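Me: I should like to understand how the descriptive terms for a protein model are justified. Please take me through them.

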Amino acid sequence: MHTPEVLVAGETLVDLVPAGSGSLATVSGFAHRPGGAPANLASGLPAVGHSPPALWTRLGDDPFGDFLQSALADHGLDGEFVERGDAPTALAVVAPTEDDGPRFSFYERGTTTLAFDPERVPDPARFECVHVSGVPLAHPEGRRAMLALAERASDAGCLVSVDPNYRPELWRRPDDAGDALGRLCSHADLLCCSAADLAPFGLESLARDDPEAAASAFLDAGPGSVDAGPDTVFLTRGAGGATVASDATGADERVTHSLPAFDVDAVDATGAGDAFCAGVLAEFAPGLSAGRLRDVLAFASAAGALATTQRGGFGALPGEAAVRRLAETTNA
Ligand code: ADP
């Protein structure tokens with residue numbers, strides 16, 4: 001199968017994972033792991049049978065930057081768009097929760113991680129697909145850079161994929177999020193999101209109560225005040241499964257489909273959404289039939305499920321064959 005050239009753009013950072021459970025104030029120590037949704041996604045693409053993507057990301061001038069550089073290299077991701085800044089690397093401290101997946105506290109201010117330079121936006125013309133993370137939009141320079149990349153990629157005819165990855169604590173002025181993420185989504189063909197990512201668009205509770213209605217509402221209304229926007233929305237719901245709604249299948253009518261989560265022995269949900277998104281990017285193309293779109297949803301859901309069976313989000317996928325085997329059990 002032809003695999004398109006993909007550019008993934010966004011943050012790589014260090015996840016600090018507490019040793020043991022209980023309050024972060026009293027844990028005995030932390031392990032450091034590579035993290036950041038775009039880095040997780042980029043590491044997942046080869047694991048679902050895709051060629052390694054190009055990754056536009058920024059690492060600090062500190063030992064954590066060295067650590068991430070070598071982790072990226074181990075996954076074939078140390079290409080020309082991996083930049084070293086002149087400030088530290090951002091940290092995300094992970095606090096596991098009982099029911100709602102891990103919670104992250106970001107230590108980003110004063111770091112280089114989101115300070116993408118709008119003058120150094122990669123030329124999207126050589127890529128068929130460009131995936132952009134919403135996290136850098138919380139930083140003034142990162143916002144200008146990512147919006148320029150998404151706009152140019154759309155103008156160049158690339159398939160533009162967006163993960164809004166809305167993290168309220170990163171936004172110094174919360175009202176900015178809806179505007180900036182709305183502008184990013186206006187350039188997208190494809191959205192991979194969770195219910196929480198739809199909060200800036202007023203659709204979070206609907207996404208939890210009725211995901212098909214929320215995905216459809218997003219297709220109808222577009223991202224807030226912006227009337228352009230994606231024609232395919234994948235909405236993930238953790239152990240509750242996943243949904244797709246698409247106006248891009250070539251059918252006369254909108255295709256909407258939901259799938260329960262696969263039954264796996266989950267140990268850590270970190271990066272499940274990124275693995276899911278890797279599955280989508282590996283298999284999705286505009287104009288797929290409704291049946292093939294359902295297969296993409298099953299494949300991506302299997303990738304998300306298997307990512308929960310290993311700890312961490314970076315390099316957390318067991319491989320394409322295992323993903324395919326699990327995905328095929330939907331038709332058994
Ligand atoms: P995010 O990491 O963005 O919050 P989710 O937690 O919604 O993403 O996970 C993405 C997808 O991975 C889900 O829609 C589901 O298909 C799969 N998944 C997540 N958690 C589990 C789980 N505990 N068991 C099985 N599949 C899961």
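Reply: Let us begin with one residue. Ala 269 touches Pro 102 and Thr 308, leaving aside residues up to four places away in sequence. Please bear in mind that this is a predicted model.

Me: What makes Ala 269 count as partly exposed?

Reply: The relative accessibility of Ala 269 is 38%. Buried means under 20% and exposed means over 50%, with partly exposed in between. Ala 269 therefore counts as partly exposed. Its place is in the loop between strand 13 (255-259) and helix 7 (272-283). The C-alpha atoms of Ala 269 and Gly 304 are separated by 8.6 Å, with these positions 35 residues apart along the chain.

Me: Why is Gly 44 called buried?

Reply: Gly 44 has a relative accessibility of 6%, and the cut-off for buried is under 20%. Gly 44 therefore counts as buried. This residue is placed in helix 1. Gly 44 touches Ala 278 and Leu 317, not counting residues up to four places away in sequence. From C-alpha to C-alpha, Gly 44 and Ala 316 are 7.3 Å apart in space, although they are 272 residues apart in sequence.

Me: How do you know that His 139 is buried?

Reply: The relative accessible area of His 139 is 14%, and the limit is again under 20%; His 139 is therefore buried. The residue lies in the loop between strand 8 (129-133) and helix 3. His 139 touches Glu 108, Leu 114 and Ala 115, not counting residues up to four places away in sequence. Its C-alpha atom is separated by 19 Å from that of Val 93, which is 46 residues apart from it along the chain.

Me: Is Asn 165 buried or exposed, and what is the reason?

Reply: With a relative accessible area of 9%, set against the limit of under 20%, Asn 165 is buried. Asn 165 is in the loop between strand 9 (159-163) and helix 4 (174-186). Its phi is near 45 degrees, a positive value in a residue other than glycine.

Me: Let us turn to pairs of helices. Why are helix 3 and helix 4 called roughly parallel?

Reply: Helix 3 (residues 140-155) and helix 4 pack at an angle of about 25 degrees, and their axes are 9 Å apart. Angles under 35 degrees count as roughly parallel, and helix 3 and helix 4 are therefore described in that way. Arg 143, Met 146, Leu 147 and Ala 150 of helix 3 meet Asp 176, Ala 180, Arg 183 and Leu 184 of helix 4. By class, this contact has five nonpolar, no polar and three charged residues.

Me: What makes helix 1 and helix 7 oblique to each other?

Reply: The axes of helix 1 (residues 37-47) and helix 7 come within 8 Å and cross at roughly 50 degrees. Roughly parallel requires an angle under 35 degrees, and roughly perpendicular runs from 65 to 115. The angle of roughly 50 degrees fits neither range, and helix 1 and helix 7 are therefore oblique. Their crossing is right-handed. The contact is made by Ala 37, Asn 40, Leu 41, Gly 44 and Leu 45 of helix 1 and by Asp 274, Cys 277, Ala 278, Leu 281 and Ala 282 of helix 7. It has seven nonpolar, two polar and one charged residues.

Me: Why are helix 8 and helix 9 described as oblique?

Reply: The axes of helix 8 (residues 290-307) and helix 9 (residues 320-328) come within 8 Å and cross at roughly 120 degrees. Roughly perpendicular covers 65 to 115, and roughly antiparallel requires over 145. The value lies in neither range; helix 8 and helix 9 are therefore oblique. The crossing of this pair is right-handed. Residues in the contact include Phe 299 and Leu 306 of helix 8, and Val 323 and Arg 324 of helix 9. By class, the contact has 10 nonpolar, no polar and one charged residues.

Me: Which residues have the most contacts inside the largest nonpolar core?

Reply: They are Leu 45, Val 48, Phe 234, Val 280, Phe 284, Leu 317 and Val 323, in a core of 55 residues. Helix 8 gives the most to this core, with 11 residues. A second, separate core has 46 residues, among them Phe 116, Ala 150, Leu 181 and Leu 235.

Terms used. Residues numbered from 1 in each chain as written. Predicted model: local features only at pLDDT ≥ 70, side-chain atom pairs only at ≥ 80, totals over all residues. Heavy atoms only, no water. Axes fitted to C-alpha atoms, helices over the stretch in contact; angles between N-to-C directions. Helix = DSSP H or I, 4+ residues; strand = E, 2+ residues; numbered from the N terminus. Left-handed = near helix turned anticlockwise from the far one by under 90°. Contact = heavy atoms within 4.5 Å. Nonpolar A, V, L, I, M, F, W, Y, C, P; charged D, E, K, R; others polar. Core = buried A, V, L, I, M, F, W, Y, C linked by side-chain atoms within 4.5 Å. Buried < 20%, exposed > 50% of the residue type's maximum accessible area, 1.4 Å probe, protein only.
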